[in-house]
Amino acid sequence: MGDELRRRDLIGITAGAAAAAQLGATPTHPRFFTPEEYAVVDDLSEMIIPADEKSGGAKAARVVDYIDVMLAEAFEQEERDDFRAGLKRFVSTPAAEREALLGRASQNEKRPRTPEEKFFRLLKQYTVTGYYTSKIGIHDDLDYKGNVYQQGQYAGYLPEKHS
Amino acid sequence: MFDDTHAPNLNADLKQTYDAVIVGSGAAGGMAAHVLTSHGLKVLLLEAGKKLNIEKELKSMQWPYDHPRRGRMPSSDHALTLNEYTIRPQPYAKGMRYKHVFSYVQGWSGSDYSKNIVVDERDHPTTGTPYAWVRARLLGGKTAIWGRLALRLSDYDFKAASRDGYGENWPISYADLAPYYDRVDTYLGISGLKEGLPQLPDSLFQRPNRFTKSEIMFRESLQKMNRVITPYRAGVTTDGLKHNKYRSKCFGRGACSRRVGGCDIHAAFDSPTGLIYPAMDTGNLTLRTNATVYEVTVDKDTGKASGVSFIDTETGKTYQAKAKAVVLGASTLESARLMLLSKSTQHPNGIGNSSGHVGHNFCEHMMGPSVTGIVKDLIGKPHTLDDGRPGGFYLPRFRNLAEKNPNFLRGYGFEGEGGMGIFPGHAMRTPGFGKEFKKTVRDYAGAFISMGGFGEVLPRYDNYVEIDPDTKDRWGVPVLRFHITFGENEKKMAQDMADQAQEMFENAGIQVIGVDRKMLTPGWSIHELGTTRMGSDPKKSVLNQFQQSHDVKNLFVVDGSSHVNASCQNPTWTIMALAWRSCDYLADQLKKGEV
């Protein structure tokens, strides 16, 4: 009983559980990534969109869980294979050197050629989508004001001769 | 709340002869149902799709993070891309492994909310030249997701041939239709601002949506060019409608601009709550869904229409419905398809087609040319509520009004918006990563403004559709083969659209970051028109001014296929005004026993 309780407590205090609840179908362990890959993607996503004085970053927004779900459910096996192949280089690179590698991989964003460059583009796309559709991205970072019931006048301005 | 008081009747009585049978329940068919039942006529309305629990489909206020795929449809479903429309031969779904293949609109954000509304290309193949055909088969048709821009046409359109010598005039003028535009405005609700423009007549507006800072600035700058942008004239009730208990007024939630479309409180017009439920409440309307009509049947003695044959899309069983008049509102291309399919000894080329013009004189709006820019003053400013509205602005036609353009006929307008949306579309165009990247995305989020053009595509006899002799849809009904391409006038117009868009932004001090100059695939605007055009000469047209077949007096076609030209202004409001006028006439004729 002690172990059972302890496990639940542990799950309860991890940010992953909150994100899993948010994502609905997401289990508390990754569906696609290995634990090692999961940790590396978590770190890399935070490098792309880090926490700053304004808002939390990709880690807080659980972007890694979003990417895990999207890859687990991807229609083409190729999408999973491509991501994993690009990620491999980062997993095998010591943690302290990963940001420098990411920097080199980002040099040719518009027309990525090498596997690292292509991976950067893919990772950035996933991170941007995951982050800016999250609570933290929409509300904390972008201060998005919409999706509310407006009472009285609508927001905005009328042209001068009409206002 | 799911409306179960207006359930369709799958066992609709088919023994009786109805006053009218209507095919299609979108803007046109819905309006026909409203008008004919309000005259006390007994009407059967047939819709090929189902009645969906639409509020549950749309979930207009759901946040992206409350959806497992952030609003996207399952990855096993596919939305056709511009590239695929260009390089893949039709039928587009052929050879694809995806579970469902949809038109391009399902590639927009929030596609999970409209996946049951639009048709699967697998079930509904087409052949011929590239054509992006967006179809919705459900009660209400495309009004479930329409873009809501509700514009009037003017005599610049109805009498265009007299002005520039191209094509044919409409058999009506603005004065004939104006009272019906007024009725549509009042019955369904429209928001906008009076501008007093001859080419874009004002409606009876409810309160307008408002402008963002960048739009106000752009409007002021355009005054120097004697042009204007006006708040999006939305087919949305912003003050509410006392006579309609199924529709709420708009609360500026902005939900409609974040996805393909749709409004779960029905502030935006849709045919079911705006027209069909009130028509059912009269007790005069029988609604039969899942009913794909494949033939207009003919009385052998008189040559007149006797009703329609339809197939139940679920059971595959076929049925006949009898009526004194047949009213087609199946959508532009579907109504033409149905007429071409309805061959008989009396009508060997298809019903109502003695002219040979059914399927021809297709026209629409060309899209593609567009501009995006940044308003520098807004970079890094606190974000405001900008997307709480059904649309941004509309920039009306300014070409070939007083002056004559040396390069092309007719004109174009722009739809656009400035300000902040829910998703920063510029993030992937912002280079790099890290803190600086994140700050740049944030600082620029409210600073963008963009607009895209809608240009009039000239009607041409050789832009046409016909029945494909080999390919059939899922229910065994032969499909359409397209012969539709853009011509020189469209190509020259597209260049001017892009040039002018860029110039107008630059004149306003907007930093232009992108100009698209290429035309998109025909069909992209979802404004397909023509193919059974009206006219006074039965040799050159299919319908008279009341959308009544020249050949078959009790056959009416009340959708966009009747339009003589496309104008550059969005067609839905004109479709409904025309349908109202024609059905008033039909009701009168039925009462006099003259159809």
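Q: How many residues of chain B are in contact with chain A?
A: 56 residues of chain B touch 61 residues of chain A. Contact here means heavy atoms within 4.5 Å. This is a predicted model: local features need pLDDT of at least 70, side-chain atom pairs count only at pLDDT 80 or more, and totals for chains, interfaces and linings use all residues. Residues are numbered from 1 along each chain as its sequence is written, chains are lettered from A and ligands numbered from 1 in the order in which they are written, and side-chain values use heavy atoms, with hydrogens and water left out.

Q: How much area do chain B and chain A bury between them?
A: About 5,500 Å², with 59% of it on carbon and sulfur atoms. This is the accessible area (1.4 Å probe) that two parts lose on being put together, summed over both.

Q: Why is the pair B:R442 and A:D141 called a salt bridge?
A: The term needs a side-chain nitrogen of Lys or Arg within 4 Å of a carboxyl oxygen of Asp or Glu. The closest N and O atoms of B:R442 and A:D141 are 2.6 Å apart, so the pair qualifies. Chain B and chain A share four salt bridges.

Q: Which helix of chain B gives the most to the side that touches chain A?
A: Two helices, α7 (213-222) and α11 (435-444), each supply at least two residues of that side of chain B. α11(B) gives the most, with five residues. Helices (H or I, at least four residues) and strands (E, at least two) are DSSP runs, numbered from the N terminus.

Q: How do you know that B:C256 is in no disulfide?
A: A disulfide is a pair of cysteine sulfur atoms within 2.5 Å. The nearest cysteine sulfur to that of B:C256 belongs to B:C263, 6.3 Å away, so the pair fails the test. The count over all chains is zero.

Q: What makes B:V101 count as buried?
A: Buried means under 20% relative accessible area, exposed over 50%, partly exposed in between (1.4 Å probe, protein chains only). B:V101 has 0%, so it is buried. B:V101 sits in strand β4 (residues 100-102) of chain B. Leaving aside neighbours within four places in sequence, its contacts include B:H78, B:L80, B:M96 and B:V119.

Q: Why is A:R84 called partly exposed?
A: Its relative accessibility is 31%, between the two cut-offs, so the label follows. Its partner A:E37 has 9% and counts as buried.

Q: How do you know that A:R84 and A:E37 form a salt bridge?
A: Their closest N and O atoms are 2.8 Å apart, so they meet the limit. The pair links distant parts of the chain: A:R84 is in helix α5 (residues 77-91) and A:E37 in helix α3 (residues 35-48) of chain A, 47 residues apart.

Q: What makes A:E109 and A:K124 a salt bridge?
A: The N to O distance is 2.7 Å, so the definition is met. A:E109 lies in the loop between α6 (95-105) and α7 (115-132) of chain A, and A:K124 in helix α7, 15 residues apart. A:E109 is buried at 10%. A:K124 is buried at 0%.

Q: Why do B:E528 and B:K142 tie together distant parts in sequence?
A: Their side chains meet in a salt bridge at 3.8 Å, N to O. B:E528 lies in the loop between β19 (511-516) and β20 (529-531) of chain B, and B:K142 in the loop between β5 (127-128) and α4 (155-158), so the bridge joins parts 386 residues apart. B:E528 is buried at 6%, whereas B:K142 is partly exposed at 27%.
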